[in-house]
Amino acid sequence: MNYLEEKQAYIDGVRCEYLCHMQECEEVGNVFPAHYHYYIELLYGVSGEFQVLLGGQYHKFGSGDMVLINSREVHQIDARSKTGGKYVVVRFLPELIYNSISSNHFEMKYMLPFVTENSSNQKVIPAKALVETEIPHLFFEIIQEESDKKYGYELAIKNHIGRIFLWILRYWNANEKEVYEENAGDRNLRNQLQSVLQYVSERYVEDIKAEEMSKLCHMSYSYFSRSFHRIMKMNFREYLNHIRIAAAEQMLVSTTLSITEIGAEVGFATTSYFIKMFQKYKHITPKQFRKLITQENRVK
């Protein structure tokens, strides 16, 4: 069955890393039809009763309950109370957490329960588990920050999302024993790849080939390629470009070097390829990114 895909939101050509609002309805019925999107979505019940369809199963939630919806997970929300109700909606891109976790991305295992299809982790965390925690306060703080838009509100919202994310991981770990079970084989592969990740972090400006990296960790090229993708969830070239683009992003903000100079500084052979890759990863050109940041700084 084909479901509606809700596209990612953009403001002035820049992809929104997070979206948050208070969702309200006044009667029984469908709030949102079955759909999916790339965002990870968190719901926090404020009043009334609702049900959310996830993985072909209905889950009830109400005041004080928190719902977790994975990236690309089909879901539908219906109100069950005659007078309707309301709940907080917080969506965020996996990259919001993923990009801040670690330069070597080994903490990607913490993201897997949020991006893996048919995840078996608990979907609704009941109010009784949240009532004496900071979680309710953080949801309302996010809505308040978005409403007030005080200086640095974006950082505050991202910080609150990170704290909620960490709380969920620890809750799962405490109640379900293992959030993500890494087998012995994966641990060995991860250790073998450490030298490659260290090499890339220090020498990403160089023309690094996957074949060379396979020798560095004493693997055949084909086995290295399969192993790297298995552990990092991306191929080697994608990872190298990711590191280069991250470095370029910092240089666009902190230096006056030209686009061509920055592309060369981070290891891209041509300016056109640098611009193409930057736009692929950031959904905006380097020039547009620098202009946007400059304008924001002037306004602030």
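A residue is called buried when its relative accessible area is under 20%, and in this predicted model buried residues make up 45% of the 300 residues in the chain.

**Figure 1. Overview of the chain, with its helices, strands and surface.**
The secondary structure of this predicted model comes to twelve helices and twelve strands. Among the contacts in the chain with a separation of 6 or more, 72% are accounted for by residues 24 or more positions apart. The accessible surface comes to about 16,300 Å², and carbon and sulfur atoms hold 49% of that surface.

**Figure 2. Close-up of the open sheet with the strand order 1-5-10-7-8.**
Five strands form this open sheet, in which the pairing is mixed. Strand 1 (4–5) and strand 8 are the edge strands, and each of them pairs on one side only. Strand 1 and strand 5 (residues 29–36) pair in the parallel sense over two bridges, and the bridge partner of Glu5 in strand 5 is Tyr36. Strand 5 is in turn joined to strand 10 by four bridges, the two strands running antiparallel, and here Phe32 has Ile77 of strand 10 as its bridge partner.

**Figure 3. Close-up of strand 7 between its two partners, strand 10 and strand 8.**
Strand 7 (residues 49–54) is mostly covered, since five of its six residues are buried. With strand 8 (residues 57–62), strand 7 pairs in the antiparallel sense over six bridges, and Leu54 stands opposite Gln57 of strand 8. With strand 10 (residues 75–79), strand 7 pairs in the antiparallel sense over five bridges, and Leu53 has Gln76 of strand 10 as its bridge partner. As a general point for reading such a view, the side chains in a regular strand alternate between the two faces of the sheet.

**Figure 4. Close-up of the open sheet with the strand order 4-11-6-9-12 and of the helix that packs on it.**
This open sheet has five strands, and their pairing is antiparallel. Strand 4 and strand 12 (124–125) stand at the edges with a single partner strand each, so one side of each is left without a neighbour in the sheet. Within the sheet, strand 6 and strand 9 pair in the antiparallel sense over four bridges, and Leu42 stands opposite Leu68 in strand 9. Helix 4 packs on the sheet and touches strand 4, strand 6, strand 9 and strand 11, while its direction makes about 100° with that of strand 4.

**Figure 5. Close-up of the largest nonpolar core.**
In soluble globular proteins, nonpolar side chains tend to be buried together. The largest nonpolar core here has 30 residues, and those with the most contacts inside it are Met66, Phe92, Phe139, Ile164 and Ile168. Two or more residues are given to this core by each of strand 4 (18–25), strand 6 (40–47), strand 9 (66–69), strand 11 (85–92), helix 1 (94–101), helix 4 (135–148) and helix 5 (153–176). Helix 5 supplies the largest share of this core, namely ten residues. When its neighbours within four places in sequence are left aside, Ile168 is in contact with Leu42, Met66, Leu68 and Phe114. A second core, separate from this one, has 19 residues and includes Leu197, Met219, Ile231 and Met234.

**Figure 6. Close-up of the crossing of helix 9 and helix 11.**
The axes of helix 9 (residues 236–254) and helix 11 (residues 271–282) come within 10 Å and cross at roughly 95°. Angles of 65 to 115 degrees count as roughly perpendicular, and helix 9 and helix 11 are therefore roughly perpendicular to each other. On the side of helix 9, the contact is made by Glu238, Asn241, His242, Ile245, Ala248, Glu249 and Leu252; on the side of helix 11, it is made by Tyr273, Phe274, Met277, Phe278, Tyr281 and Lys282.

**Figure 7. Close-up views of two loop residues with positive phi, Lys149 and His218.**
Lys149 lies in the loop between helix 4 and helix 5, and its phi is positive, at about 50°, although Lys149 is not a glycine. With a relative accessible area of 45%, Lys149 is partly exposed. His218 lies in the loop between helix 7 (210–216) and helix 8 (221–232), and its phi, near 60°, is likewise a positive value in a residue other than glycine. His218 has a relative accessible area of 73% and is exposed.

Methods:
Residues numbered from 1 in each chain as written. Predicted model: local features only at pLDDT ≥ 70, side-chain atom pairs only at ≥ 80, totals over all residues. Heavy atoms only, no water. Buried < 20%, exposed > 50% of the residue type's maximum accessible area, 1.4 Å probe, protein only. Pairing = 2+ DSSP bridges. Core = buried A, V, L, I, M, F, W, Y, C linked by side-chain atoms within 4.5 Å. Contact = heavy atoms within 4.5 Å. Areas by Shrake-Rupley, 256 points an atom, 1.4 Å probe, with all protein chains shown as cover. Axes fitted to C-alpha atoms, helices over the stretch in contact; angles between N-to-C directions. Parallel < 35°, antiparallel > 145°, perpendicular 65-115°, else oblique.
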